[in-house]
Amino acid sequence: MTMPLSGSLATDGTMSLDGLKLWAQNVNASGGIYVKSMNGKMPVKLVYYDDASTTANVASLYPTLVSQGAKFLVAPYSSGLTLAAAPIAEQNHILMLSHGGASDSIWAKNYNYVVGVLSPGSKYMIPVIDMLGTLNPKPTNIAMFFGNDAFSLSVMKAAGPYAVSKGFTVAYNQTYDESASSYTSQLTQIQASGATVVIGGAHFADGETIMKGIQSLGLHFGMVSLLVAPDDPHFIQDLGGVANAVTVPSQWEANQEYTSFSPYYGNITSKQFNSTFTSIFGMVPNYEAAEGYNTGLVLEKAIFDSGSLNSTVVRNQMSTENFWTFYGNFQIGASGIQTGHSMVVAQWQSGTKQTIWPTAVASAKPVFPAP
């Protein structure tokens, strides 16, 4: 794999890689993955390069990984980088698992070898909008303010019409340049639109920039829900009180446990993953780290169940799988898109990230309107 370990996506990429590292460490501690065709356990070796958050590096480095004899590929973090790697995996008939590329456009290209571990972009903001519909008083005007990358646009494309179908008014609907140093003009326009809720974001750096802009301008919204950034513990460390009451659609939270679901795979619970990751890496894991670990588990199970190290055989095996891990359900559609996994909504409350939706797995009630 390549991973953005420097550049604009470095925070996200590092978390993802650390999750994969922990999985490899754990599976190798047990001797490796049992492969029936090899009549024994095979150790895992992670080979990775820093793509510096650029598609040009992805396009040059994945052929290198193929030439080095990689049995399987893991996608880079982000939809844009995944879209750059996917054709290379497809051309070489090598299974590639997407853990951090959620744009629905990835699976609209009829690839046979790209499999998604995470819920697609079109599903991200749906639980946020459902949660908003239960608030009292219910907000009416929403601002859509998303980045202009493939992932964010796929989220926006689904979220806008869904919000309208649920009785909300979209008072503002614009994208932004993720590399901008500030969003003063657009945030001022959002305030003037009468929107009381802001839904948007893209990745970590721009998410922090949005919140810093809201603070510096002295703006106030009943709720802000951003993609990706608020789930990372760096968000509260960097922003302090500004992060409080900000919500995020999340692929995984540490309070969720699925061990009672069957079949369950992985010999690790959410609590164990959370504590072990924190102990080793000195940082509480976000859902990107969980996605990384779960990507390893998904590959491990498909190899074990198929008894093979052949990419085509293992890819076909994945189409038959339907199981649970600490991360949730894994099941894919014909295109390789993830269909089994469900998302939740988290919110920073007094310095602690709480799960607030759906109520069945919530650790706290939503704070609304924000203080």
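How do the residues of the lining of the largest cavity divide into nonpolar, polar and charged? They divide into seven nonpolar, five polar and two charged. Here Ala, Val, Leu, Ile, Met, Phe, Trp, Tyr, Cys and Pro count as nonpolar, Asp, Glu, Lys and Arg as charged, and the others, Gly among them, as polar.

The model is predicted: local features need pLDDT of at least 70, side-chain atom pairs count only at pLDDT 80 or more, and totals for chains, interfaces and linings use all residues. Residues are numbered from 1 along each chain as its sequence is written, and side-chain values use heavy atoms, with hydrogens and water left out.

**Whole chain.** Start with everything shown. The chain has 11 helices and 16 strands, which are DSSP runs numbered from the N terminus (helices H or I, at least four residues; strands E, at least two).

**Cavity.** Select Tyr77, Gly100, Tyr124, Phe151 and Val228, the closest to the centre of the largest cavity among the 14 residues that line it. Its volume is about 70 Å³. On a 1 Å grid over the protein atoms alone, a cavity is a set of points where a 1.4 Å probe fits but cannot get out; a pocket is an open set with protein on both sides within 12 Å along at least five of seven lines; lining residues have an atom within 4 Å of a point. Grid points are joined across faces, edges and corners, and a volume is the space filled by probe spheres set on the points. Next, select helix H10 (residues 287-306), which gives the largest share of the cavity lining, three residues.

**Largest pocket.** Keep H10 selected, as the largest share of this lining, four residues, also comes from H10. Add Val44, Lys45, Leu46, Lys71 and Phe72, which lie nearest the centre among 24 lining residues. The volume of the largest pocket is about 590 Å³, and the lining divides into 18 nonpolar, four polar and two charged residues.

**Second largest pocket.** Move to Ser8, Leu9, Asp149, Glu178 and His203, the closest to the centre among 17 lining residues. This pocket has a volume of about 330 Å³. Its lining has four nonpolar, nine polar and four charged residues, and H3 gives the most, with three.

**H10 and H11.** Finally, return to H10 and add helix H11 (residues 311-318): the two pack at about 105°, with axes 9 Å apart. Axes are lines fitted to C-alpha atoms, for helices over the stretch in contact, and angles run from 0 to 180 degrees between N-to-C directions. Among the residues in contact (heavy atoms within 4.5 Å) are Val298 and Leu299 in H10 and Val313 and Met318 in H11.
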